[in-house]
Amino acid sequence: MEHGSGTVKALRVRSRMLACALAAMVYAGGAAAQVSDGVVKIAISNDQSGIFSAAGGFGVVIAARMAVEDAGGTVLGKPVEVVFADNQSKPDIGVSIARRWFDAERVDVIVDGGNSAVGMALQAVAKEKNKLFLISGSGTTALTNQNCSANGFQWSWDTYALAAGTANAMVKQGSDTWFFITADYTFGQLLEAQSSEVVKANKGRVIGSVRHPFNNPDYSSLLLQAQSSGAKVVALANAGGDTQTAIKQAQEFGLTKGGQKLAALFMNITDIDALGLPAAQGLIITTSFYWDRNDETRKFSRRFMEKQKAVPTFLQAGAYSAVSHYLKAVKAAGTDETQAVAAAMRKMKINDPMTEDGWIREDGRVMRDFFLVQVKTPAESKGRWDYYKMLATIPAEQAALPLSRSECPLVKKR
């Protein structure tokens, strides 16, 4: 009996040891499974070579890499990689790249998007593939309104915020008649419509508008129509190189010398740098980031400038903010599984050099303050990149389309 009892005890000990070993193996396997494929892979899709490349382009890649660097280069003990591609501002190219990334290259999240048409297409693919899309480039409100997605987060800006800032301020200053020169695609059309709404709500009038194609080289006939309208404000509802070209040609036509004001509804600081202060001075602009706003923005921007030789635009700062928050959420969730990370992102406050106590609304819109600025005169500027005077802060709730007007199915009916 003594011998049998010892045998039983030995078997029990071995059983416990085997159970512990199996538990350790299961735990180890579970830990490895926390990060799919053993790597967190972030992909940047935007315009790397066209008219939006200065404002976004490779600077977004730099900003994303800075966010990864600040997170320590790893998350949950696994490496973080950043890849990128030029979607050439074409939805079909953007979609083709996105499908390859998701299906064959283990990409977990796409950042930026580029223009609104590409952004809309990428959001649909990300939703289909159950992957995340952090929208730091595309600005149409449709991305968080009628075409919203539980997997999509609009990070840097949208057309409503720009309208709520620039148009509101100018009409209240007495510039109450408007003529629009508008890019003939989703972004431009929405920017015109929402700015027109603000003008009319403040008892102003829209006298007329004309449309132009993407990357338009000649605005002469459009500017002549704007001049002859007699509108106090000629509003440019376009972006990037299109805005720069229109402003240069407006100066050649003497539009502002005739008493009309020029409103650029979407401008990045790189656009001001390309134009020069003599051409851009006096423009009122709405932005979500200015490099020289406080000590934290200056510190971040100096690091960025060491790599890019330019200060970060609000699109590039937005990419840093988005990637930084995403990596914090992966860590908090303990996994890179899409829905778990999305839930963590929604739960956490957003704090970084771009955003103070921001949050993500139920429609995917990142809620943060915006800033109304005016471009300095050459005499006011102390040097390159010292381009903006801060005029006002636009609170987050005022800068976002009210949820009461939302068509997003994710929004609870109130």
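Me: What is the volume of the largest cavity, and what makes it a cavity?

Reply: Its volume is about 180 Å³. A cavity is a set of points, on a 1 Å grid over the protein atoms alone, where a 1.4 Å probe fits but cannot get out. Volume is the space filled by probe spheres set on the points, which are joined across faces, edges and corners. This is a predicted model, where local features need pLDDT of at least 70 and side-chain atom pairs pLDDT 80 or more, while totals for chains, interfaces and linings use all residues. Residues are numbered from 1 along each chain as its sequence is written, and side-chain values use heavy atoms, without hydrogens and water.

Me: What makes a residue part of a lining, and which are closest to the centre of the largest cavity?

Reply: A lining residue has an atom within 4 Å of a point. Of the 19 that line the largest cavity, F52, G114, N115, G137 and L315 are closest to its centre.

Me: How do you know that α6 has the span expected of a helix?

Reply: The expected span is 1.5 Å times one less than the number of residues. Helix α6 has 16 residues (186-201), so it should span 22 Å; its end C-alpha atoms are 22 Å apart, which agrees. Helices are DSSP runs (H or I, at least four residues), numbered from the N terminus.

Me: Why are residues such as F187 and L191 called buried?

Reply: Buried means under 20% relative accessible area (1.4 Å probe, protein chains only). F187 and L191 are among the buried residues of α6, as are E192 and V198.

Notes
Helix = DSSP H or I, 4+ residues; strand = E, 2+ residues; numbered from the N terminus. Buried < 20%, exposed > 50% of the residue type's maximum accessible area, 1.4 Å probe, protein only. 1 Å grid on protein atoms, 1.4 Å probe; cavity = no way out; pocket = protein on both sides within 12 Å on 5 of 7 lines; lining within 4 Å.
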